[in-house]
Amino acid sequence: MLEPQFVREYVNTGKARLIYRHFPVAGVESVVAAVAAECAGDQNKFVPYRELLFRHQDGVDQGAFNADNLKNYAREAGLAPDAFDNCFDQGRYLDRVRGDLEEASQIGLEAAPAFQIGEGIYSGLPEWKELRKVIEEELANQG
């Protein structure tokens, strides 16, 4: 996975930022799961919760991300149940998730994961060596 290397080498050193945007195109459940992940983020558990979602995905709208399962994953991630359930049941982040999806459509994103480095968009899973080269070139261009 590229993210830990990126965080270690660039985010933790102050050279870059990591901004996560949702691209929920795998059915209705992927939208609901993205909302749940944002609710987990309210308790600083976005990444662990997101990892649980990746481990439990089971095809498009097959029930893995129904409301009961998403709430159970929250408990598995050690989230405060009442706070999570309140956020999730209210759909607190639905507009944000929809906005991320709209933004992805506007820039022509077709696959995830994708990375924006400077003005360039890179889809799929590039080799770390290739991604690092692009990052270093962008940092050099920015001075």
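Leaving out neighbours up to four places away in sequence, Ala37 is in contact with His22, Phe46, Tyr49 and Leu53. That's a handy way into this predicted model. Ala37 sits in helix H2 and is buried, with a relative accessible area of 3%. Arg55 is 18 residues further along the chain, and its C-alpha atom is 14 Å from that of Ala37.

**The main core**

Two of Ala37's contacts, Tyr49 and Leu53, turn up again in the largest nonpolar core. This core has 24 residues, and the members that touch the most others are Tyr49, Leu53, Leu70, Tyr73 and Phe84. Who supplies it? Helices H2, H3 (46-56), H4 (67-76) and H5 (81-90) each put in at least two residues, with H2 giving the largest share at 8 residues.

Phe84 is worth a closer look. Setting aside residues up to four places away in sequence, Phe84 touches Ala36, Cys39, Ala40, Gln43, Tyr49, Leu70, Lys71, Ala74 and Leu79. There's also a second, separate core of 6 residues, and Phe6, Tyr10, Ile117 and Ile135 are among them.

**Rings**

Across the whole structure there are 5 aromatic pairs. Two that involve Phe84 are set out here:

| Pair | Geometry | Centre to centre | Angle between planes |
|---|---|---|---|
| Tyr49 and Phe84 | tilted | 5.7 Å | 45° |
| Phe84 and Phe88 | stacked | 5.9 Å | 10° |

What does the Tyr49 and Phe84 pair tie together? Tyr49 belongs to helix H3 and Phe84 to helix H5, so the pair links parts that are 35 residues apart in sequence. The Phe84 and Phe88 pair is a local affair: both lie in helix H5, 4 residues apart, which puts about one helical turn between them. As for burial, Tyr49 and Phe84 are both buried, and Phe88 is buried along with Phe84.

Elsewhere, ring pairs join Phe6, Tyr10 and Trp128 into a cluster. Phe6 and Tyr10 are also members of that second core.

**Helix H6**

H6 covers residues 94-106, which makes 13 residues, and spans 18 Å from its first C-alpha to its last, close to the 18 Å expected at 1.5 Å a residue. Which residues of H6 are buried? They are Val97, Asp100 and Ala104. Looking down the axis of H6, these buried residues fall within an arc of 55°, so they line one face of the helix. What does that face pack against? The buried residues of H6 pack against helix H2 (28-41), the helix that also holds Ala37. On the other side of H6 you'll find Asp95, Arg98 and Gln106 exposed. Just past the end of H6, Gly108 adopts a positive phi of about 80°.

**The hairpin**

Now for the strands. S1 (residues 114-117) and S2 (residues 120-123) run antiparallel and are joined by 4 bridges. Taking one position as an example, Gln116 has Ile121 in S2 as its bridge partner. The two strands make a hairpin with 2 residues between them, and Gly118 in the turn has a positive phi of about 65°. One more link back: Ile117, within the range of S1, is a member of the second, separate core.

Notes
Residues numbered from 1 in each chain as written. Predicted model: local features only at pLDDT ≥ 70, side-chain atom pairs only at ≥ 80, totals over all residues. Heavy atoms only, no water. Expected span 1.5 Å × (residues − 1). Buried < 20%, exposed > 50% of the residue type's maximum accessible area, 1.4 Å probe, protein only. Arc of directions from axis to C-beta. Contact = heavy atoms within 4.5 Å. Core = buried A, V, L, I, M, F, W, Y, C linked by side-chain atoms within 4.5 Å. Phe/Tyr/Trp six-rings, centres within 6.5 Å; stacked < 30°, edge-to-face > 60°. Pairing = 2+ DSSP bridges.
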